[in-house]
Amino acid sequence: MKLVNILVIGPPASGKSTFIGSLTESVFTTPEEISAGGSGKSCLVEFGRIQVNDDLFLYLVGIPGDEEFQFIWERMSQDLLGFVVMNNTKDEAQAPQVKEMIKQLKVLTGTPFVVAFNGLEGGKAKTAELKNEFKIPREEQVVYCDVTDKESAKKVLLGLLGLGVKQIKKVTA
């Protein structure tokens, strides 16, 4: 049996919990809040599981994107498929936080990631605009979704899986 982690990060109220809940049968939270050292911040970590087949399970792990919680990113990196960075487009105040998370991901890891623009529909022009504004390396990393809709949330995961497959092909070529 293979267990694969996908970390779902984002600012508060970005749609992390709803995204995980849309894709899994149940969402579990840590029984106690996890403290971020001396910052005084703490959080609950949410987990959801998707059984792909008899031998493969995807674990979706929702954690805050704050820099203080990056230690969780590192601890969960074993068997990590990638990151989903959530952005609630109805809250413009989230954009700077999401931009900082993307910057940190590029510095800390070569792990694939997608940015899920929750509540936004777009075309090729909008994708190029967001790619430039958020400094996202490739257009296929920009995914539009409605986290309350299971099929829409699946597109986010499929986008991440596609990037993972491309990265594996690059490494093995």
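In these views, contact means that heavy atoms lie within 4.5 Å. Helices (H or I, at least four residues) and strands (E, at least two) are DSSP runs, numbered from the N terminus. This is a predicted model, in which local features need pLDDT of at least 70, side-chain atom pairs count only at pLDDT 80 or more, and totals for chains, interfaces and linings use all residues. Residues are numbered from 1 along each chain as its sequence is written, and side-chain values use heavy atoms, with hydrogens and water left out.

**View 1. An open sheet is built from 7 strands.**
Follow the strands in the order S2-S5-S6-S1-S7-S8-S9, and you will find that the pairing is mixed. Two strands pair if DSSP finds at least two bridges between them. Strand S2 (27–29) and strand S9 (142–145) stand at the edges; each has a single partner strand, so one side of each is left without a neighbour in the sheet. From one strand to the next, the twist averages 30°. (Axes are lines fitted to C-alpha atoms, for helices over the stretch in contact, and angles run from 0 to 180 degrees between N-to-C directions.)

**View 2. Strands S5 and S6 run antiparallel.**
Strands of a sheet pair through backbone hydrogen bonds, either parallel or antiparallel. Here, strand S5 (residues 46–53) is joined to strand S6 (residues 56–64) by 7 bridges. To find your place, look for Gln51, which stands opposite Phe57 in S6.

**View 3. Helix H1 lies across five named strands: S1, S2, S5, S6 and S7.**
Helix H1 covers residues 16–23 and runs at about 165° to S6. Its buried residues are Lys16, Phe19, Ile20, Ser22 and Leu23. Seen down the axis of H1, these buried residues fall within an arc of 160°, so they line one face of the helix. Buried means under 20% relative accessible area, exposed over 50%, and partly exposed in between (1.4 Å probe, protein chains only); the arc is that of the directions from the helix axis to the C-beta atoms.

**View 4. Helix H3 lies across S1, S7 and S8.**
Helix H3 (residues 94–108) runs at about 165° to S7. Its buried residues are Gln94, Ala95, Val98, Met101, Ile102, Gln104 and Leu105, and they pack against S1, helix H2 (70–75), S7 and S8.

**View 5. Gln94 of helix H3 is buried, with a relative accessible area of 1%.**
A polar atom of the Gln94 side chain lies 2.8 Å from the backbone nitrogen of Asn88. Leaving aside neighbours within four places in sequence, Gln94 is in contact with Pro11, Pro12, Ala13, Ser14, Asn87 and Asn88.

**View 6. Thr127 in helix H4 meets strand S9 residue Tyr144 through a side-chain polar contact.**
The two side chains come to 2.8 Å. A polar contact is a pair of N or O atoms within 3.5 Å; within protein, one must be able to donate a hydrogen and the other to accept it, and residues adjacent in sequence count only if both atoms are side-chain atoms. At 10% relative accessibility, Thr127 counts as buried. Both faces of S9 are covered, with Val142 and Tyr144 buried on one side and Val143 and Cys145 on the other. Strand S9 runs parallel to S8, joined by 4 bridges, and Val142 is the bridge partner of Val115.

**View 7. Glu121 sits in the loop between strand S8 (113–118) and helix H4 (124–133).**
Glu121 is exposed, with a relative accessible area of 76%. Glu121 and Asp146 are 25 residues apart in sequence, and 9.0 Å apart in space, C-alpha to C-alpha.
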